[in-house]
Amino acid sequence: MQELFCFRNDFQLHSARSIFMITYPDLQSRLLDKPGIWLVTGVAGFIGSHLLEALLQMDQHVIGLDNLSTGRRDNLDSVHALVTEQQWSRFQFRHGDISSLDDCRHAMMFSIDSGETLLADYVLHQAALCSVARSIEEPTLTNDYNINGFLNILVAARDAGVKRLVYASSSAVYGDTPGLPKEENGKLRPLSPYAITKYVDELYADVFAKLFHVKSVGLRYFNIFGVRQDPQGAYAAVIPKWIDSMISANPVTIFGDGETSRDFCHVSNVVQANLLAACAPDSAYEGTYNVGTGRSTTLNQLYGYIRNSIINEFPYIPAEPHYTDFRTGDIRHSLANIAKAREQLGYMPDDGLSSQLSETVHWYLSCREHL
Ligand SMILES: NC(=O)c1ccc[n+]([C@@H]2O[C@H](COP(=O)([O-])OP(=O)(O)OC[C@H]3O[C@@H](n4cnc5c(N)ncnc54)[C@H](O)[C@@H]3O)[C@@H](O)[C@H]2O)c1
C-alpha cells in the first residue's frame, strides 16, 4: 500500500514538531482518502474493538488477531452492526495467539482477491492479559502473553517491515512512585507481574528500535472506560462493575474512604492516541506517552456521577455505597501529565467525564433490555 503521510523534513526535526503535527480531524480525513492495512491485536477485546470500529469507519483494511480468552465475538458483532457491509468486508479475523510466532507472522498478512497477500502497514498491539490481580494469581501466563507474546509481535513486525507499531503499555509502570501528575521521564516502580511485563515491553521496544529500526510508540493508558468493557468477573474494572452492580440493584463496595483518585479516560481518547501515534511523522514521536485526561476524580465523585446517570435513566435509586478496608497494593492516587502527548502527537482528549459516563450507563441499560 502506498505511503500515507509524507511529512518528513530532516533539517527541521525537533522544532518541526508543531509545524508537522497533524490534528486528529485532519488525520481522519487523510485516512479516508488513503486507506492502509492495519493489524489490531486483541481486536475482540474492549479497546481493540473500538480501534476496529474507528478504522473500518475510515475505510481502512484491518486484520484482527485474538485468542478470545477475555475478548468476545459479541464485541465484533457489535462493530459489524455499526459499519456498512462494504466496510465490514475489509476486516479479516484471525483466531490465534500472540504466544505463537507463526500466528503473529500470519496476522501481518492481509489476503486480497487475487490470492496474494499484502503486509500490514501499521500494528496496534492491544492483546495482553490485562488484570493486575490476575497477574498476581497467574504470573507465568501473564509473562507468556505480555512479554513473550509482545516479543513475537516485535519480531513479526520487524520482518514484515511495518511502518509503525503502537503498543498498549500501562500507567501501572509508575507503581507507587511519589509525585503527581505522572510524567513519562519520571521514575518507574512496577508493583505487580502485570506492571513488570509492560515495563519490559517498553525496554524491548526501545532495544528493537536501536538494533533493528523497528519504529514503535508505547502508550501508557490510565483508567480507560466506555461501552463494551466487560462488567463481569473477578477482574472487572471499576466503572463497568459499578454500573452493572447499580443497575442490578446490588450494593457497590468502595475500598477505603473513597478519596482514592484516578484519571478516568474515555476509550475514544485511546483510539485517537493510537491513530495519532501510528501516523505521526518519524521526527515527531519518541518512546512512550501517557494516555489519560489530566483530570483527577475520586471514587466518591465517580460513584456520584454514575448514580446520577442511573437515576436520570432508570426508575431506581441506587443504595449508598458500602465502605470497606483499603485493598493491599492499591495505589492511592494516579493522574497523567499529558503534555508530551499533546505537544508531540497532537493528542486532544475529551474529558467530559459526566456525559461520557451517562452514555456508558445508557449502553449498559440498553444491553440489559435486550437480554
Ligand atoms: N482497560 C484499561 O483500563 C487499560 C489500562 C491500561 C492498559 N491497558 C492495556 O490495553 C490493552 C487492551 O486492554 P482491554 O481493556 O481492551 O482488555 P481486554 O481484555 O478487553 O482485551 C484484551 C484482548 O486481548 C486478547 N488476548 C489476550 N491474550 C491474548 C493472546 N495471548 N493472543 C491473542 N489475543 C489475546 C483477549 O482475548 C482480548 O480480546 C491491554 O494491553 C491492556 O494491558 C488497558
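This dialogue examines a predicted protein model with a bound ligand.

Visitor: How confident is the predictor in this model, and what is the average pLDDT?

Guide: The protein averages a pLDDT of 93, and 94% of the residues score at least 70. Over residues 1-16, however, the pLDDT is below 50. That stretch has 31 contacts in the model beyond near neighbours in sequence.

Visitor: Which residues come nearest to the ligand?

Guide: The ligand has 27 residues around it, of which F46, D66, T70, Q126 and Y194 come nearest. By character, the shell divides into 14 nonpolar, ten polar and three charged residues.

Visitor: Which elements supply at least two residues each to the shell around the ligand?

Guide: These are helix 3 (46-57), strand 7 (164-170) and helix 9 (193-212). Strand 7 gives the most, with three residues.

Visitor: What makes the approach of F46 to the ligand a polar contact?

Guide: A polar backbone atom of F46 is 2.9 Å from an oxygen atom of the ligand. The cut-off for a pair of N or O atoms is 3.5 Å, and the 2.9 Å of F46 therefore qualifies as a polar contact. The backbone of I47 also supplies an N or O atom, at 2.9 Å from a ligand oxygen. For S69, a backbone N or O atom lies 3.1 Å from an oxygen atom of the ligand. As for cover, the ligand taken alone exposes 830 Å², and the protein buries 91% of that.

Visitor: Why is T142 called buried?

Guide: The relative accessible area of T142 is 0%. Buried means under 20%, so T142 meets the criterion. The residue is found in helix 8 (residues 139-160).

Visitor: What surrounds T142, and which residues does T142 touch?

Guide: Leaving aside residues up to four places away in sequence, T142 touches L129, R134, S135, I147, Y194 and T197. Of these, Y194 is also among the residues that come nearest to the ligand. In addition, a polar atom of the T142 side chain lies 2.7 Å from the backbone oxygen of E138.

Visitor: How do you know that the bond between L180 and P181 is cis, and what is its omega?

Guide: Omega is about -10 degrees for the peptide bond that joins L180 and P181, and this bond is cis. P181 lies in the loop between strand 7 and helix 9.

Visitor: What makes the phi of L68 notable?

Guide: L68 is not a glycine, yet its phi is positive, at about 55 degrees. L68 is placed in the loop between strand 2 (61-66) and helix 4 (73-82).

Visitor: Why is L68 called partly exposed?

Guide: Its relative accessibility is 22%. Buried requires a value under 20% and exposed a value over 50%, so L68, at 22%, counts as partly exposed.

Visitor: Why does A249 count as partly exposed?

Guide: A249 has a relative accessible area of 47%. This value is not over 50% and not under 20%, so A249 falls in between and is partly exposed. Phi of A249 is also positive, near 60 degrees, in a residue other than glycine. The loop that holds A249 runs between helix 10 (238-247) and strand 10 (253-255).

Visitor: What makes helix 10 mostly covered?

Guide: Seven of the ten residues of helix 10 are buried. They are I239, P240, W242, I243, S245, M246 and I247. Each of these is called buried because its relative accessible area is under 20%.

Technical notes
Residues numbered from 1 in each chain as written. Predicted model: local features only at pLDDT ≥ 70, side-chain atom pairs only at ≥ 80, totals over all residues. Heavy atoms only, no water. pLDDT = per-residue confidence, 0-100. Contact = heavy atoms within 4.5 Å. Near = heavy atom within 4 Å. Polar contact = N/O pair within 3.5 Å; in protein donor to acceptor, adjacent residues only side chain to side chain. Areas by Shrake-Rupley, 256 points an atom, 1.4 Å probe, with all protein chains shown as cover. Helix = DSSP H or I, 4+ residues; strand = E, 2+ residues; numbered from the N terminus. Nonpolar A, V, L, I, M, F, W, Y, C, P; charged D, E, K, R; others polar. Buried < 20%, exposed > 50% of the residue type's maximum accessible area, 1.4 Å probe, protein only.
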